[in-house]
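Thanks for sharing this one. Here are a few notes to read alongside the coordinates, on charged side chains and on a pocket.

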Amino acid sequence: MGGKGSRGLYVITPTVEDLQQARLYVLNNSDEGFPYILRHEGLVKENNPNISKNGVLKEHNKTFLDWFKDTIFANENASETLRKLADGPKRNVITWQGYDINKYFFYTKAQDDKSTMQNSGVTLRA
């Protein structure tokens with residue numbers, strides 16, 4: 001499914017917290033990244049045997065990204081994909097208020113609200 005921005009180009013700078021959440025989401029849903037998630041959670045449990053499940057998750061989320069980056073860049077056999085995931089996203093993000101995907105036009109809610117014709121509330125938060 002190819003698409004391109006078609007209306008209202010903006011460059012935004014998400015907060016560090018939002019970027020970290022996005023990175024964790026991508027790594028949790030990446031075939032290459034997910035084994036590292038499991039490995040790190042195991043290390044957190046091993047190093048904190050009396051910690052609750054919720055505590056493991058909090059500690060994992062707090063320390064995983066730095067651990068992941070160190071682990072990947074210490075491994076000369078790590079794939080280019082893993083290296084890019086470990087390095088993290090760019091700080092500035094290009095966004096569009098409208099997208100053309102397969103000859104269909106989609107708009108953000110803010111842009112859609114300005115229009116007399118609307119996309120029936122189709123949304124995506126990413």
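1. Where does Arg83 sit? Arg83 belongs to helix H4, which covers residues 80–87. Please keep in mind that this is a predicted model, and what follows should be read in that light.

2. Arg83 deserves a look of its own. Is this residue buried or exposed, and what is the nearest side chain of opposite charge? Arg83 is buried and yet has no salt bridge. Glu80 offers the nearest side chain of opposite charge, at 5.2 Å. Because a salt bridge requires the nitrogen and the carboxyl oxygen to be within 4 Å, that pair does not count as one.

3. What does Arg83 touch, then, once residues up to four places away in sequence are set aside? The contacts are Ile72, Phe73, Asn75, Glu76 and Ala78.

4. On to the salt bridges, of which the model has two. One joins the side chains of Lys62 and Glu59, with an N to O distance of 3.9 Å. Both partners lie in helix H3 (residues 53–74), where they are three residues apart, or about one turn of the helix. Lys62 is exposed, at 63% relative accessible area, while Glu59 is partly exposed, at 27%.

5. Asp87 and Lys69 also form a salt bridge, and their closest N and O atoms are 3.8 Å apart. Asp87 is in helix H4 and Lys69 in helix H3, so this pair ties together parts that are 18 residues apart in sequence. Both residues are partly exposed: Asp87 has a relative accessible area of 48%, and Lys69 has 33%.

6. If you plan to look at pockets, the second largest pocket holds about 190 Å³ of space. Which elements give two or more residues to its lining? They are helix H1 (16–28) and H4. H1 gives the most, with five residues. Among the lining residues are Leu19, Ala22, Arg23, Val26 and Leu27, and the list also includes Lys84 and Leu85, as well as Gly88, Pro89, Lys90, Asn92 and Val93.

7. How do the lining residues of that second largest pocket divide by character? Seven are nonpolar, two are polar and three are charged. Arg23, Lys84 and Lys90 are in the lining, and Lys and Arg count as charged, which is handy to know when you set up this pocket.

Technical notes: Residues are numbered from 1 along each chain as its sequence is written. This is a predicted model: local features need pLDDT of at least 70, side-chain atom pairs count only at pLDDT 80 or more; totals for chains, interfaces and linings use all residues. Side-chain values use heavy atoms; hydrogens and water are left out. Helices (H or I, at least four residues) and strands (E, at least two) are DSSP runs, numbered from the N terminus. Buried means under 20% relative accessible area, exposed over 50%, partly exposed in between (1.4 Å probe, protein chains only). Lys and Arg count as positive and Asp and Glu as negative; His and the chain ends are not counted. Contact means heavy atoms within 4.5 Å. On a 1 Å grid over the protein atoms alone, a cavity is a set of points where a 1.4 Å probe fits but cannot get out, and a pocket is an open set with protein on both sides within 12 Å along at least five of seven lines; lining residues have an atom within 4 Å of a point. Grid points are joined across faces, edges and corners, and a volume is the space filled by probe spheres set on the points.
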